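Let's take a walk through a protein model, starting with the whole chain and then zooming in. Have the sequence and the 3D view open as you read.

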Amino acid sequence: MRRALAVASTSPEDVPVGAVILGPGGAELASAGNERELSGDPTGHAEVLAIRRAAARLGTWRLEDCTLVVTLEPCTMCAGALVLARISTLVFGAWEPKTGAVGSLWDVVRDPRLNHRPEVYAGVLEPECAGLLRDFFRA
């Protein structure tokens, strides 16, 4: 999570969210911060960008046995993307009561109607992750 926090701080014009994907052995495959403002792309969320980069690096869209570590609870789009990518484990920091899709508003990743449900670890370094967001919006 500390690596994801460092990545979150790299794009001063975007909401500071950082995502890191770890491979089956624990090595970092890809990382990304939000790039919506930078790219003008509404899908430029850290999770989606990290998933794209990890898939490109591995040469497959199936990210089985991979872990996504992200500083903020994923939204519906990102939760759907990680399910479709077959990511095995999700670790996130701060809860997102307005748009969260891993328990706050919805629980996309645990929906029994879907064919893949990752293991979830929530609230990891939550004070640090939430503080980064508070500081950004306060400024």
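Below we look at the overall fold, then the core, then one helix and one loop residue.

## The big picture

First things first: this is a predicted model. The protein chain is built from five helices and five strands. Starting at the N terminus, you'll meet them in the order α-β-β-α-α-β-α-β-β-α. The radius of gyration is 14 Å, close to the 14 Å that the globule rule gives for 139 residues, so the chain is as compact as a globular protein of that length.

If you drew a box around the C-alpha atoms along the principal axes, it would be roughly 40 × 30 × 30 Å. Buried residues account for 50% of the 139 residues. Contacts also reach across the sequence: of those between residues at least 6 apart, 56% link residues at least 24 apart. On the outside, the chain exposes about 7,000 Å², and carbon and sulfur atoms supply 55% of that.

## The nonpolar core

In soluble globular proteins, nonpolar side chains tend to be buried together. Here, the largest nonpolar core has 41 residues, and the ones touching the most other members are Ile 21, Leu 63, Leu 82, Ile 87 and Leu 90. At least two residues of this core come from each of α1 (2-8), β1 (18-22), β2, α3, β3, α4, β4 and α5 (126-138). The biggest giver is α3, with six residues.

Try clicking on Ile 87: leaving out residues up to four places away in sequence, its contacts include Ile 21, Leu 63 and Leu 82, along with His 116 and Pro 118.

## Helix α4

Now find helix α4, residues 76-84, where Cys 78, Ala 79, Gly 80, Leu 82 and Val 83 are buried. What do these buried residues pack against? Their partners are α3 (46-58), β3 (67-72) and β4 (89-94). After the helix comes Arg 86, which has a positive phi, near 65°.

## A buried asparagine

Last stop: Asn 34, in the loop between β2 (28-33) and α2 (36-39). Is Asn 34 buried or exposed? Its relative accessible area is 6%, and the cut-off for buried is under 20%, so Asn 34 counts as buried.

Its side chain has polar company. One of its polar atoms lies 3.1 Å from the backbone oxygen of Val 15, and a polar atom of this side chain is 2.8 Å from the backbone nitrogen of Ala 46. Not counting residues up to four places away in sequence, Asn 34 also touches others, among them Ser 11, Asp 14, Gly 44 and His 45.

How values were computed
Residues are numbered from 1 along each chain as its sequence is written. This is a predicted model: local features need pLDDT of at least 70, side-chain atom pairs count only at pLDDT 80 or more; totals for chains, interfaces and linings use all residues. Side-chain values use heavy atoms; hydrogens and water are left out. Buried means under 20% relative accessible area, exposed over 50%, partly exposed in between (1.4 Å probe, protein chains only). Helices (H or I, at least four residues) and strands (E, at least two) are DSSP runs, numbered from the N terminus. Contact means heavy atoms within 4.5 Å. A polar contact is a pair of N or O atoms within 3.5 Å; within protein, one must be able to donate a hydrogen and the other to accept it, and residues adjacent in sequence count only if both atoms are side-chain atoms. A nonpolar core is a set of buried Ala, Val, Leu, Ile, Met, Phe, Trp, Tyr and Cys residues joined through side-chain atoms within 4.5 Å. The radius of gyration is taken over C-alpha atoms; the globule rule is 2.2 Å times the number of residues to the power 0.38. Accessible areas come from the Shrake-Rupley method with a 1.4 Å probe; for residues, only the protein chains shown count as cover.
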